[in-house]
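Q: Please take a close look at one part of this model, the place where helices pack against each other, and then work outwards from there to the surroundings. I would like a connected account rather than a list.

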Amino acid sequence: MRGNGGRGAAILLAGGKGARAGFSANKAYVPIGGRPMMWYSLETLDRSPWIDRLVLVIRPEDLRAAEQAVERVGVTTPWLMADGGESRHASEHQGLEALSGDIREGRVDLVAIHDGARPFVSSSLLHRLFRDADRHGGAVPTLRVEAPTHRRSGQGKIALLNQESLHRAQTPQVFAAPDLLAAYRRAQVAGFEGVDTAETVERFSDLKVRATPGDPNNLKLTFPEDFALAETIARDN
């Protein structure tokens with residue numbers, strides 16, 4: 001174990017569209033609390049003692065906006081940019097390949113992959129995730145599913161599921177870097193794309209992934225009502 005600080009990297013996925021929220025442009029640059037949404041995550045990742053490399057995965061047409069975000073936030077962590085892919089999974093892989101040299105040479109031990117659409121990740125949550133991944137190989141923030149959830153059979157019958165065991169995942173998700181990169185390369189050969197980082201890791205590596213308690217404020221902004229709630233959170237912070 002490295003303890004607090006060391007050879008960690010973060011990949012920030014900032015190439016998403018804003019169609020479901022009603023935006024015609026990339027929602028990563030939609031203002032929240034008077035600042036582009038992506039700035040919040042950039043600040044938190046930049047000041048983490050665990051992280052000494054940043055990769056921004058962007059759309060080529062957003063290059064100038066991304067450069068301005070890095071400049072305005074005052075990012076001091078060494079950073080680079082990678083073009084996003086046609087899917088979330090492909091964008092994650094692009095970010096990992098941008099770090100592949102550092103991973104191969106042992107300069108990066110752990111990698112966090114984070115959604116730019118989750119602006120309110122806290123420094124404390126980020127620390128817990130890196131700590132748990134450092135100890136166990138992988139860490140994913142989760143929250144319990146609060147609403148009653150049922151399984152529906154093909155005949156239309158439903159059965160109540162055990163709420164205690166049902167959790168929903170958040171990001172960032174943090175994993176041992178060599179295993180993570182290898183998992184994505186194996187997935188590419190298999191033609192597989194996971195819904196999130198953890199699914200690819202579970203299918204294509206032997207890492208033991210730990211569930212770390214998530215944060216209700218670490219919400220993903222997808223629909224118009226999410227952005228209204230985000231304005232409230234930004235004011236309170």
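A: Helix α1 passes helix α2 in a right-handed crossing, and this is a good place to begin, with the caution that the model is predicted. The two helices, α1 with residues 37-46 and α2 with residues 63-73, have axes that come within 10 Å and cross at roughly 55°. Angles from 35 to 65 degrees fall outside the parallel and perpendicular classes, and α1 and α2 are therefore oblique to each other. On the α1 side the residues that meet the partner are Met 38, Trp 39, Leu 42 and Glu 43, while α2 brings Ala 66, Ala 69, Val 70, Arg 72 and Val 73. Sorted by class, this contact has seven nonpolar residues and two charged ones, with no polar residue.

The setting of α1 goes beyond its partner. Nine of its 10 residues are buried, so α1 is largely enclosed by the rest of the structure. The buried residues are Met 37, Met 38, Trp 39, Tyr 40, Ser 41, Leu 42, Thr 44, Leu 45 and Asp 46.

Several of these residues turn up again in the surroundings of Leu 54, a residue of strand β4. Leu 54 has a relative accessibility of 2%, which is why it counts as buried. When its neighbours within four places in sequence are left aside, the residues in contact with Leu 54 include Leu 42, Leu 45 and Asp 46, together with Ala 10 and the residues Val 75, Thr 77, Pro 78, Trp 79 and Leu 80. For one of these, Thr 77, the C-alpha atom is 6.7 Å from that of Leu 54, although 23 residues separate the two in sequence.

Next to Leu 54 in the numbering is Arg 53, which also belongs to strand β4 (residues 51-58) and forms a salt bridge with Asp 102, a residue of helix α4 (residues 100-104); the pair links distant parts of the chain, 49 residues apart. The separation from N to O in this salt bridge is 2.9 Å, and both Asp 102 and Arg 53 are buried. The pair also belongs to a network of salt bridges that links Asp 52, Arg 53, Asp 102 and Arg 107. In general, side chains of opposite charge can pair when their charged atoms come close.

Other salt bridges give a point of comparison, since a search of the whole structure finds 16 of them. Glu 61 pairs with Arg 59, with the closest N and O atoms 3.6 Å apart, and Glu 61 counts as exposed because its relative accessibility is 58%. In helix α7 (residues 197-204), Arg 203 and Glu 199 are four residues apart and therefore separated by about one helical turn; their side chains meet in a salt bridge of 3.5 Å, N to O. Arg 203, at 55% relative accessibility, counts as exposed.

A second helix pair can be set beside the opening one. Helix α3 (residues 88-98) and helix α6 (residues 177-190) pack at an angle of about 130°, with their axes 10 Å apart, and they are therefore oblique to each other. In this case α3 passes α6 in a left-handed crossing. The contact is made by His 89, Glu 92, His 93, Leu 96 and Glu 97 from α3, and by Leu 180, Leu 181, Tyr 184, Arg 185, Ala 187 and Gln 188 from α6. These residues divide into five nonpolar, three polar and three charged.

The buried residues of α3 are His 89, Ser 91, Glu 92, His 93, Gly 95 and Leu 96. They pack against β1 (8-13), β4, α4, β6 (110-115), α6 and α7, and among these elements are β4 and α4, the strand and helix that hold Arg 53 and Asp 102.

One local feature of the backbone also deserves mention. Thr 171 and Pro 172 are joined by a cis peptide bond, with omega at about 5°, and Pro 172 lies in the loop between β10 (167-169) and β11 (173-176). For comparison, most peptide bonds are trans.

As for the wider frame, the protein chain has eight helices and 12 strands, and buried residues make up 50% of its 237 residues. Of the contacts with a separation of 6 or more, 73% are between residues 24 or more positions apart.

Notes
Residues numbered from 1 in each chain as written. Predicted model: local features only at pLDDT ≥ 70, side-chain atom pairs only at ≥ 80, totals over all residues. Heavy atoms only, no water. Axes fitted to C-alpha atoms, helices over the stretch in contact; angles between N-to-C directions. Parallel < 35°, antiparallel > 145°, perpendicular 65-115°, else oblique. Left-handed = near helix turned anticlockwise from the far one by under 90°. Contact = heavy atoms within 4.5 Å. Nonpolar A, V, L, I, M, F, W, Y, C, P; charged D, E, K, R; others polar. Buried < 20%, exposed > 50% of the residue type's maximum accessible area, 1.4 Å probe, protein only. Salt bridge = Lys/Arg side-chain N within 4 Å of Asp/Glu carboxyl O.
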